[in-house]
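Student: I would appreciate a close look at a single part of this model, followed by some remarks on features elsewhere. Please give the reasoning wherever a conclusion depends on a cut-off.

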Amino acid sequence: MADYRADGPVDDKEPAVFGVEKMANEYGVVYADQSAFPGPPAWEHDWQEPYPVFSDRVVLEREPGELADLPDFVRCPQIWHFACTERAVDVLRQVCGRDINVFGHGVVGDVELSFVQVVGTASRIDREKSVVDSFPTYELVQWPAFYDEDLPGLGDRLFTLPGRQFTGVFAGSAVRAAITGAGLTGLRFVRV
């Protein structure tokens, strides 16, 4: 897993927040017809609310990326956040269990994947220091900034930003360290 920071290497001991990116070019995507998912389509669901849990296993297809292996975290366009292996779910439950909603399962080949929604939300962002593009009906946070006093409390969190229009996922230092320390694949962390 790669970590990026404009001004040098990342120090895991200082409180920090990282943008979480799925490595779709490298690992590809898994998908199924939208009708295979019993809940609402991703673009209609209010992702600040838990996605409805379903028990039917979704049979998934895979479009591989540059790397042949199926990663621990993989993009699935029909759900907003992650499709991931049981190993990845176990790590998330250990470090940030309050921030995830496992709402269903799928299978690609003989590998079972869990559908995971990030339900944790940061209480606020520093809007003055954030890069925010405003449009007539919504805003897009291109680069969020957080208050220094909030950083320690975000260390063991996996979260989105406050507001319906913000869909990006962010991880605190402890979450990033747990994922990278377990050798899980499929995510890139970009320090914000």
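**A helix, its end, and other sites**

Tutor: In this predicted model, G183 adopts a positive phi of about 75° just after helix 4. The helix that precedes this glycine spans residues 173–181, and its buried residues are S173, V175, R176 and I179. Viewed down the axis of helix 4, these buried residues fall within an arc of 165°, so they line one face of the helix.

Burial also marks two cysteines. C84 has a relative accessible area of 0% and C96 one of 2%; because the cut-off for a buried residue is under 20%, both count as buried. Their burial may be set beside the question of bonding. A disulfide is a covalent bond between the sulfur atoms of two cysteines. A search of the whole structure finds 0 disulfides. C84 takes part in none, and the nearest cysteine sulfur to its own, that of C96, is 10 Å away. For C96, in turn, the closest cysteine sulfur is the one in C84; at 10 Å it is too far for a bond, because a disulfide requires the two sulfur atoms to be within 2.5 Å.

The surface offers a further feature. F135, Y138 and L140 make a nonpolar patch of about 270 Å². Of this group, L140 lies in strand 11, which covers residues 139–143. L140 has a relative accessible area of 35%, so this leucine is classed as partly exposed, between the limits of 20% for buried and 50% for exposed. That value also passes the threshold for patch members, which is over 30%.

Terms used. Residues numbered from 1 in each chain as written. Predicted model: local features only at pLDDT ≥ 70, side-chain atom pairs only at ≥ 80, totals over all residues. Heavy atoms only, no water. Patch = residues over 30% accessible without salt bridge, like charges linked within 9 Å, V, L, I, M, F, W, Y side chains within 5 Å. Areas by Shrake-Rupley, 256 points an atom, 1.4 Å probe, with all protein chains shown as cover. Salt bridge = Lys/Arg side-chain N within 4 Å of Asp/Glu carboxyl O. Helix = DSSP H or I, 4+ residues; strand = E, 2+ residues; numbered from the N terminus. Buried < 20%, exposed > 50% of the residue type's maximum accessible area, 1.4 Å probe, protein only. Arc of directions from axis to C-beta.
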